[in-house]
Amino acid sequence: VQLQASGGGWVQVGDSLRVSCAVSGRTSNWHSMGWFRQAPGKEREWVGGIILSIDTASYADSVKGRFTISSDDVKSALYLQMNSLKPEDTAVYYCAARLRRGYGDIYYSRPQEYDYWGQGTLVTVSS
């Protein structure tokens with residue numbers, strides 16, 4: 001299984017940017033995917049996630065209403081559409097996947113709850 005994030009870059013305040021996560025390998029046993037970010041000197045934080053069986057996403061309060069997570073029909077790619085970007089959104093963005101364990105539609109927000117990680121893509125928002 002491989003996850004590869006791409007699409008980061010340098011943007012200005014208020015701009016939009018979409019980052020992508022290419023997925024290869026078996027995904028039929030995955031429960032959910034998520035986006036995390038890590039700013040310099042800070043801990044990795046959950047941005048949002050999507051439960052694959054119901055194709056429904058949830059978001060951190062800091063990005064709610066500005067960011068949207070989606071996936072393609074065959075779960076070969078995960079996207080993070082970021083609008084109205086702010087300087088505090090500057091971070092390395094990571095995609096991650098969690099294997100299915102039992103049943104339940106729960107959003108997992110801690111890094112240690114995820115099994116696979118992409119390498120990250122840097123988003124810089126300049127004021």
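This report covers a strand sheet, the salt bridges and the largest pocket of a predicted model.

## The open sheet

Four strands make up an open sheet. Their order is β1-β3-β8-β7, and they pair in antiparallel fashion. β1 (2–6) and β7 (67–71) are the edge strands. Each has a single partner strand, so one side of each lacks a neighbour in the sheet. On average, neighbouring strands are turned by 15° against each other, direction ignored.

Strand β3 covers residues 17–24, and strand β8 covers residues 77–82. Six bridges join the two, which run antiparallel. One residue pair can be picked out here: R18 has Q81 in β8 as its bridge partner.

## Salt bridges

Side chains of opposite charge can pair when their charged atoms come close. The whole structure holds six salt bridges.

One of them joins D89 and R66, with 2.8 Å from N to O. This pair ties together distant parts of the chain. D89 sits in the loop between β8 and β9, while R66 sits in the loop between β6 (56–59) and β7. The two are 23 residues apart. Both D89 and R66 are buried. They also belong to a network of salt bridges that links R37, E45, R66 and D89.

## Two further pairs

D61 and K64 meet through their side chains in a salt bridge, at 3.1 Å from N to O. Is D61 buried or exposed? Its relative accessibility is 66%, so D61 counts as exposed; the cut-off for exposed is over 50%.

E113 pairs with R110 in another salt bridge. The closest N and O atoms are 3.2 Å apart. E113 counts as buried because its relative accessibility is 17%, and buried means under 20%. R110 has a relative accessible area of 46%, and therefore it is partly exposed. This salt bridge thus has a buried acid, E113, and a partly exposed partner, R110.

## The largest pocket

The largest pocket contains about 230 Å³ of space. It is lined by 18 residues. Closest to the pocket centre are W30, H31, I51, S53 and R100.

Which strands each supply at least two residues of the lining? They are β4 (30–38) and β9 (91–99). The lining is mixed in character: seven residues are nonpolar, six are polar and five are charged.

Note on methods:
Residues numbered from 1 in each chain as written. Predicted model: local features only at pLDDT ≥ 70, side-chain atom pairs only at ≥ 80, totals over all residues. Heavy atoms only, no water. 1 Å grid on protein atoms, 1.4 Å probe; cavity = no way out; pocket = protein on both sides within 12 Å on 5 of 7 lines; lining within 4 Å. Points joined across faces, edges and corners; volume = space filled by probe spheres on them. Nonpolar A, V, L, I, M, F, W, Y, C, P; charged D, E, K, R; others polar. Pairing = 2+ DSSP bridges. Axes fitted to C-alpha atoms, helices over the stretch in contact; angles between N-to-C directions. Salt bridge = Lys/Arg side-chain N within 4 Å of Asp/Glu carboxyl O. Buried < 20%, exposed > 50% of the residue type's maximum accessible area, 1.4 Å probe, protein only.
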